[in-house]
Amino acid sequence: MDVDLRLVRYFTVVAEYGNFGRAATTLHLAQPSLSRQIQRLEAQLGVRLFDRSPQGSSLTDAGRAFLPGARTLLQEAERAARTARAAVQPRTVTVGCAEGLVITAWVRELRRRHPEGQVRTRHLDWRDTGALTEGRVDALIAYKPLPFPTNGFRVATLHEEPRVLVTSASHPLANEKAISLRALSDEELVPCASTPVVWSTPKPVGDHPAPLQPAIDDSFEDKLELIATGHCVALFPASDRRAAVREDIALVPVLDTDPCEVVLVTRADDPNPLLGSLEDVARTLLGRVPPKENSALPVSCPPRRLGQGRGGRAGAAMGFGGARR
């Protein structure tokens with residue numbers, strides 16, 4: 001015989017209260033509905049479990065005989081469920097975060113929603129392009145462009161943000177509230193191959209000649225030194241505040257550059273439910289992706305395309321991935 005455990009639970013509550021009305025209130029059911037459920041159980045068992053009267057309900061002999069077994073049945077079902085849950089390792093997810101991004105609020109909210117899960121983070125150096133493909137992280141939150149092929153991955157755009165000019169505090173533009181890209185017409189701007197950062201080719205400052213082109217293994221801090229000394233400028237995503245801690249470097253909003261995209265990258269066949277929750281958390285905290293708009297300058301003063309500077313040098317070592325940093 002198939003006995004519905006839900007009906008068995010209803011029976012034990014009515015037996016405890018001796019009254020269908022109070023039992024229905026406890027179970028958040030309408031009293032007529034509870035009565036019908038008990039009648040279904042009686043029909044399944046083939047016996048009458050309660051004697052009903054205006055004063056209340058009392059157990060029949062069959063009901064008294066059934067009650068201990070009913071309670072044991074419910075206890076064993078709960079014990080079996082706990083045992084099954086304990087046999088499964090807690091769901092875990094490791095979230096990789098690219099340089100310049102801060103995801104603390106996202107991780108905190110994900111942990112709040114899934115206290116039974118384990119959420120780990122790994123902040124990745126720009127050189128660590130294989131963390132997702134090699135399985136060391138389950139998700140990657142990064143800026144576009146990505147430093148690896150995306151075949152077999154799901155790429156979801158989470159957010160778009162503007163760029164800021166990063167320049168020496170003594171630069172003529174350093175005290176502006178905001179600038180247009182046309183203000184950088186004297187700079188040879190070279191976009192990176194694998195990050196949204198755009199660097200200018202180093203140039204002379206006063207009597208000081210232009211420094212050598214940075215090498216591919218030069219650090220981010222080495223390149224900030226070139227900015228601080230006035231030899232070059234850069235365009236950063238607005239949320240990348242790594243340069244803001246230096247008093248000799250200024251950050252100025254740029255009004256008319258293409259926005260930077262923040263994306264969530266996961267393996268296309270990964271069934272981990274925490275990944276879907278992570279995307280929902282990110283969208284909730286960041287807001288929906290706004291529609292893309294054309295942010296070009298007026299036709300009368302078109303900006304020079306990034307990467308097509310006056311000197312024609314590629315500036316490959318200024319890139320942040322692949323052949324460029």
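**Entry 1. Starting point.** A helix here is a DSSP run of H or I with at least four residues, and a strand is a run of E with at least two, both numbered from the N terminus. I note at the outset that this is a predicted model, and I read every value below as computed from that model. I looked up the overall content of the chain and found seven helices and twelve strands. Of its 325 residues, 42% count as buried. Among contacts with a separation of 6 or more, 72% are between residues 24 or more positions apart.

**Entry 2. Helix H3 and what follows it.** I turned to helix H3, which covers residues 31–45, and checked its length against expectation. At 1.5 Å a residue its 15 residues should span 21 Å, and because the C-alpha atoms at its ends are 21 Å apart, the two figures agree. I then listed the residues of H3 that are buried: Ser33, Leu34, Ser35, Gln37, Ile38, Leu41 and Glu42. For reading such a list I kept in mind that an α-helix has 3.6 residues a turn, so residues three or four places apart point the same way. Just after H3 comes Gly46, whose phi is positive, near 80 degrees.

**Entry 3. H2 against H3.** How do H2 and H3 pack, in angle and in distance between axes? Helix H2 (residues 20–27) meets H3 at an angle of about 100 degrees, and their axes are 9 Å apart. Angles of 65 to 115 degrees count as roughly perpendicular, and H2 and H3 are therefore roughly perpendicular to each other. On the H2 side I found Phe20, Gly21, Ala23, Ala24 and Leu27 in the contact, and on the H3 side Gln31, Leu34, Ser35 and Ile38. Sorted by class, the contact has six nonpolar residues, three polar residues and no charged residues. Leu34, Ser35 and Ile38, which take part in this contact, are also among the buried residues of H3.

**Entry 4. The loop between H2 and H3.** I looked at His28, which sits in the loop that connects H2 with H3. Its phi is positive, about 60 degrees, although His28 is not a glycine. Most residues other than glycine have a negative phi, and most peptide bonds are trans. Is His28 buried or exposed? Its relative accessibility is 73%, and His28 therefore counts as exposed, the cut-off for that class being over 50%.

**Entry 5. A cis peptide bond.** I also looked up the bond between Lys144 and Pro145, and the model has it as cis, with omega about 0 degrees. Pro145 belongs to the loop that lies between strand E5 (139–143) and strand E6 (153–161).

**Entry 6. The five-stranded sheet.** I traced an open sheet of five strands in the order E8-E9-E10-E7-E11, with antiparallel pairing. At its edges are strand E8 (189–191) and strand E11 (249–254), each of which pairs on one side only. From one strand to the next the twist averages 30 degrees. Beginning from the E8 edge, I found three bridges joining E8 to strand E9 (residues 198–200), with the two running antiparallel, and Leu189 standing opposite Ser200 in E9.

Next I examined strand E7, which is mostly covered, as six of its six residues are buried. Four bridges join E7 to E10 in antiparallel fashion, and Leu165 stands opposite Leu235 in E10. Six bridges join E7 to E11, also antiparallel, and Arg163 has Val254 in E11 as its bridge partner.

**Entry 7. Helix H6 on the sheet.** Which helix packs on this sheet, and which strands does it touch? Helix H6 (residues 220–228) does, touching strand E7 (163–168), E9, strand E10 (234–237) and E11, and its direction makes about 70 degrees with that of E7. I looked up one residue of H6, Phe220, and found a relative accessible area of 5%, so Phe220 is buried. The C-alpha atoms of Phe220 and Arg242 are 9.7 Å from each other, the two residues being 22 residues apart along the chain.

**Entry 8. Glu109.** Last, I checked Glu109, which lies in helix H5 (residues 104–113). Its relative accessibility is 18%, and because buried means under 20%, Glu109 counts as buried. Leaving aside residues up to four places away in sequence, I found that Glu109 touches Val281 and Leu285.

Terms used:
Residues numbered from 1 in each chain as written. Predicted model: local features only at pLDDT ≥ 70, side-chain atom pairs only at ≥ 80, totals over all residues. Heavy atoms only, no water. Pairing = 2+ DSSP bridges. Axes fitted to C-alpha atoms, helices over the stretch in contact; angles between N-to-C directions. Contact = heavy atoms within 4.5 Å. Parallel < 35°, antiparallel > 145°, perpendicular 65-115°, else oblique. Nonpolar A, V, L, I, M, F, W, Y, C, P; charged D, E, K, R; others polar. Expected span 1.5 Å × (residues − 1). Buried < 20%, exposed > 50% of the residue type's maximum accessible area, 1.4 Å probe, protein only.
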